[in-house]
Amino acid sequence: MQVGIDQIGFYTPNKYVDMVDLAHARNEDPNKFLIGIGQQKMSVADQTQDAVSMGINATLRYLDHIARENVGLLIVGTESGVDQSKSASLFIKTALNLPPNVRTFEVKEACFGMTAGIMIARDYVRLHPNHSAIVIGADIARYGINTGGEVTQGAGSISVLVKADPQIMTLSAGHSAYSADINDFWRPNDSAVALVDGKYSKDVYLDFFRHTFTDYQKQTGLKASDFTALLYHLPFVKMGFKANQLAIEKQDDGTKKRLADNFAASACYSKAIGNIYTASLYLSLLSLLENAQLPANAKVGLFSYGSGAMGEFYSGQIVKNYEKAINQAADQELIARRQKLTIPEYEQIFNQALKNPQDGLKLESDEQSGTWYFAGTENHIRQYRKK
Ligand code: HMG
């Protein structure tokens with residue numbers, strides 16, 4: 001029996017900042033952001049979008065196509081949690097109207113959280129082949145105004161359905177994991193923005209990629225040339241580009257070209273959205289599926305990295321006719337619908353989103369109808385509504 005990804009849903013908020021505008025406002029050369037970092041735009045979440053609402057909106061993209069009663073597991077990976085105790089997944093479960101017997105919880109290990117969920121879901125479905133699992137990654141990357149990390153912010157969510165006989169990608173058995181207790185990036189409880197040792201984080205990311213990719217090749221006997229595409233967690237596009245350069249440096253020209261072209265296809269959406277932490281690797285997968293020409297049974301390697309730090313490499317195989325299970329036009333429209341913010345508008349929205357709204361204040365959303373949003377708290381209980 002093959003187990004893997006059967007559906008992918010995607011959501012990003014309806015506002016963005018253009019990197020050229022940001023560069024001008026910060027007295028930087030635009031090419032530093034466009035070429036040096038590799039980003040063109042970043043999505044911005046206002047006060048009404050959080051990990052819960054974005055996770056609901058991503059899952060609603062495919063919910064009508066699945067058998068809701070078969071969902072036995074719902075996992076949310078996020079580092080933008082809305083409560084120290086209650087799982088984001090419980091709010092989401094209610095909005096999605098999932099059965100009461102679903103097992104549901106939230107996982108955290110920086111950007112690795114969604115991969116942890118997918119691995120748990122893969123093994124769960126192997127044991128319970130008649131059940132499926134929803135795994136969501138939803139995050140808002142916030143470093144702060146006028147910080148080095150500002151250009152690598154973003155917001156969005158990816159939701160996947162993991163089941164037997166999937167329509168999109170089968171997940172191979174095995175993985176290579178690597179962890180170490182380090183301080184490259186973290187967010188203390190008293191801070192709404194991440195703290196980061198930027199240059200160190202870039203080195204560690206590459207180091208973890210080397211460890212896990214080398215070990216995975218040893219374990220499986222696969223070589224870089226056996227892969228149609230290598231996908232990366234993309235905190236910013238240049239980071240994944242550097243890892244891909246490491247992977248292809250000793251390869252023949254055909255492999256170099258294939259992996260470089262498919263990397264470019266996998267980075268199209270991140271370039272326009274920015275870092276969405278847990279979901280970034282899976283945004284790369286969606287971008288590859290919708291922007292590359294993949295042969296039947298394409299072999300895909302995935303590198304997940306979460307600061308702190310945890311790295312993992314695993315692989316999957318694209319299923320024939322996967323195109324029928326994705327919706328390129330709708331995903332591209334979701335990105336294109338965003339409104340551009342001026343830098344003062346972005347700064348105002350950013351600062352407001354850091355504060356908890358006064359209890360009892362009802363928030364309104366300027367999203368399209370049908371979109372879920374955070375509507376404020378009543379008696380300190382978070383309220384989610386559909387527009
Ligand atoms: P910085 O110091 O502003 O930039 O911070 P820089 O000086 O390192 O320059 C960046 C690149 O632009 C360099 O290229 C420059 O040469 C180039 P590189 O040497 O890297 O190839 N450059 C130019 N290129 C063209 N024209 C120009 C020009 N000027 C300079 N005129 C940094 C950059 C990424 C460190 C910062 O944005 C940051 O701290 N970001 C956040 C941390 C981060 O994303 N780390 C990535 C690895 S950790 C990770 O992936 C986990 C994470 O997602 C969190 C989680 O797990 O939850 C972050």
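Let me start with one helix pair: A51, V52, G55, I56 and T59 in α3 meet A88, F91, I92, A95 and L96 in α4. By class, this contact has 8 nonpolar, 2 polar and no charged residues. I should say at once that the model is predicted.

A word on how such pairs are described. For two packed helices, we give the angle between the axes and the distance between the axes. For α3, residues 51–60, and α4, residues 88–96, the axes come within 9 Å and cross at roughly 40 degrees. The two helices, α3 and α4, are therefore oblique to each other. The crossing of α3 past α4 is right-handed.

Now the chain as a whole. How is the protein chain divided? Domain 1 takes residues 3–170 together with 326–386, and domain 2 takes residues 174–324. Their C-alpha centres lie 19 Å apart. The contact between them draws on 50 residues from domain 1 and 46 residues from domain 2.

On the domain 1 side, the elements that give two or more residues include the strands β1 (3–11), β3 (41–43), β6 (132–141), β7 (154–164) and β8 (169–171). Helices are on that list too, namely α2 (30–37), α5 (113–127) and α10 (328–336). Which element gives the largest share of that side? It is β7, with 6 residues. By class, the side of domain 1 that touches domain 2 has 21 nonpolar, 23 polar and 6 charged residues.

The UniProt record gives another set of boundaries, from an unreviewed entry. There, residues 2–164 are listed as "domain: Hydroxymethylglutaryl-coenzyme A synthase N-terminal". In the model, the end C-alpha atoms of residues 2–164 lie 6 Å apart, and the span is 30% helix and 30% strand. The unreviewed UniProt entry also lists residues 256–386, as "domain: Hydroxymethylglutaryl-coenzyme A synthase C-terminal". For residues 256–386, the end C-alpha atoms lie 47 Å apart, with 38% of the span in helix and 24% in strand.

Next, two more helix pairs, and α8 belongs to both. The first partner is α7. Helix α7 covers residues 237–248 and helix α8 covers residues 253–273; their axes come within 10 Å and cross at roughly 165 degrees. That angle makes α7 roughly antiparallel to α8. The crossing of α7 past α8 is right-handed.

Which residues meet there? From α7 they are V237, G240, F241, N244, A247 and I248. From α8 they are T255, K256, L259, A260, F263, A267, S270 and K271. By class, the contact of α7 with α8 has 8 nonpolar, 4 polar and 2 charged residues.

The second partner of α8 is α9, residues 280–291. Here the helices pack at an angle of about 120 degrees, and their axes are 7 Å apart. That makes α8 oblique to α9. The crossing of α8 and α9 is right-handed.

On the α8 side of this contact we have N262, A265, S266, A267, C268, Y269, S270 and I273. They meet S280, L283, S284, L286, S287, L288 and N291 in α9. This contact divides into 8 nonpolar, 7 polar and no charged residues. If you follow α8 on the screen, look at A267 and S270. Both are listed in the contact with α7, and both are listed in the contact with α9.

Last, two points about the backbone. As background, most residues other than glycine have a negative phi, and most peptide bonds are trans. Where does the model have a cis peptide bond? One joins G308 and A309, with omega at about 10 degrees. A309 is found in the loop between β13 (299–306) and β14 (310–318).

The other point is D165. This residue is not a glycine, yet its phi is positive, at about 50 degrees. D165 sits in the loop between β7 and β8. Both of those strands came up earlier, among the elements on the side of domain 1 that touches domain 2.

Notes
Residues are numbered from 1 along each chain as its sequence is written. This is a predicted model: local features need pLDDT of at least 70, side-chain atom pairs count only at pLDDT 80 or more; totals for chains, interfaces and linings use all residues. UniProt positions are given in the numbering used here, feature names are shortened, and annotations may be inferred rather than shown by experiment. Helices (H or I, at least four residues) and strands (E, at least two) are DSSP runs, numbered from the N terminus. Axes are lines fitted to C-alpha atoms, for helices over the stretch in contact, and angles run from 0 to 180 degrees between N-to-C directions. Angles under 35 degrees count as roughly parallel, over 145 as roughly antiparallel, 65 to 115 as roughly perpendicular and the rest as oblique. A crossing is left-handed if the near helix is turned anticlockwise from the far one by less than a right angle, and right-handed if clockwise. Two residues are in contact if their C-beta atoms, placed from the backbone, lie within 7 Å. Ala, Val, Leu, Ile, Met, Phe, Trp, Tyr, Cys and Pro count as nonpolar, Asp, Glu, Lys and Arg as charged, and the others, Gly among them, as polar. Domain bounds come from an automatic or database domain assignment.
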